[in-house]
Amino acid sequence: MEGTGGSSASAAAPVNQWWLEFSKMFQYYLDKSTPHTTYRWIGTVVIASIYVLRVFYVQGFYIVSYGLGIYLLNLLIGFLPPLVDPEVEHSDGPLLPTKGSDEFKPFIRRLPEFKFWYSFTKAFCIAFVMTFFSVFDVPVFWPILLCYWIVLFVLTMRRQIAHMIKYKYIPLNLGKQKYGGKKSSASSSGSRAD
C-alpha cells in the first residue's frame, strides 16, 4: 500500500516542479512588463482583434462574446471610481478634493490599472480558447444580446459619469498638466513691426 502512494507522488513531482518554474518565469515577465503601459495595451488590442476576427470568421460563439462583454463592463465599473467612494465612506485616508482650496490628493483607483489590464487580457485569452470548443457555441439571436449589452453599458456609464461630475474627478491620467505662464512683454512687442 505504501509503495502505491509513493510512486504517484514521485510521478507528480516533475509536473509540480515544471509548474513552479513556469509560474516563476511568467511572474518575472509580468513584473518586467509593469512599467510599459502602452506596449501592454497594444498587445491586448492585438489579442482582442484576433478574438474578434475568430468570432467573425466562425460566425458563432455570440454567448461567449456576450459573457466577455459583461465581464469587461464589470472590470470597467471597478476601474473608473476611486478607492474610497466619497458618497459611501468617510475615512481618514486620502479623499478626493471637493473644493479648490482642498489639498491635492492623488486619484487612487478601486481596481489598479495593471490588474485591470491583466484581467482584461486574460478574459480575451480565455474567450479565445473557448471558441475552439463547440459546446460553447450556443445558438442565440445575437442582435438581442447586443441590444441588451448596449442598454446595460449606457445605463451603467450614465450612472458613473453622473458620479464623476458630482464629485469632480477624472479617472484618466492625461499626463502632467501644463500651465500657461506669464508671457513677457518684450517678446510680444519685439515681434510687432509697424
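**Helix 5, the nonpolar core and two buried residues**

In helix 5, the buried residues (buried means under 20% relative accessible area, exposed over 50% and partly exposed in between, with a 1.4 Å probe and protein chains only) are L145, T156, M157, Q160, H163, M164 and Y167. This is a predicted model, so local features need pLDDT of at least 70 and side-chain atom pairs count only at pLDDT 80 or more, while totals for chains, interfaces and linings use all residues. Residues are numbered from 1 along each chain as its sequence is written, and side-chain values use heavy atoms, with hydrogens and water left out.

Helices here are DSSP runs (H or I, at least four residues; strands are E, at least two), numbered from the N terminus. Helix 5 takes in residues 142–167, which makes 26 residues. From first C-alpha to last, helix 5 reaches 37 Å, close to the 38 Å expected at 1.5 Å a residue; that expected span is 1.5 Å times one less than the number of residues. Part of what covers its buried residues is helix 3. Just past the end of helix 5 comes K168, with a positive phi of about 50°.

As for the record, an unreviewed UniProt entry carries the annotation "transmembrane region" for residues 38–57, 63–84 and 140–157. UniProt positions follow the numbering used here, feature names are shortened, and annotations may be inferred rather than shown by experiment. In the model, residues 38–57 are 100% helix and 0% strand, with end C-alpha atoms 28 Å apart. Residues 140–157 come out at 89% helix and 0% strand, and their end C-alpha atoms lie 26 Å apart.

Next comes the largest nonpolar core (a set of buried Ala, Val, Leu, Ile, Met, Phe, Trp, Tyr and Cys residues joined through side-chain atoms within 4.5 Å), which has 18 residues. Those with the most contacts inside it are Y51, L68, L72, L75, F116, F120 and F124. Helix 2 (37–58), helix 3 and helix 4 each chip in at least two residues, and helix 3 gives the largest share, six residues. Leaving aside residues up to four places away in sequence, F120 touches (heavy atoms within 4.5 Å) W41, T44, L72 and L75.

Two more residues round out the picture. S33, in helix 1 (residues 2–33), counts as buried because its relative accessibility is 17%. With residues up to four places away in sequence not counted, S33 touches R40, F114 and W117. R109 sits in the loop between helix 3 (62–79) and helix 4 (113–130), and counts as buried because its relative accessibility is 17%. R109 and V84 are 25 residues apart in sequence, yet 8.3 Å apart in space, C-alpha to C-alpha.
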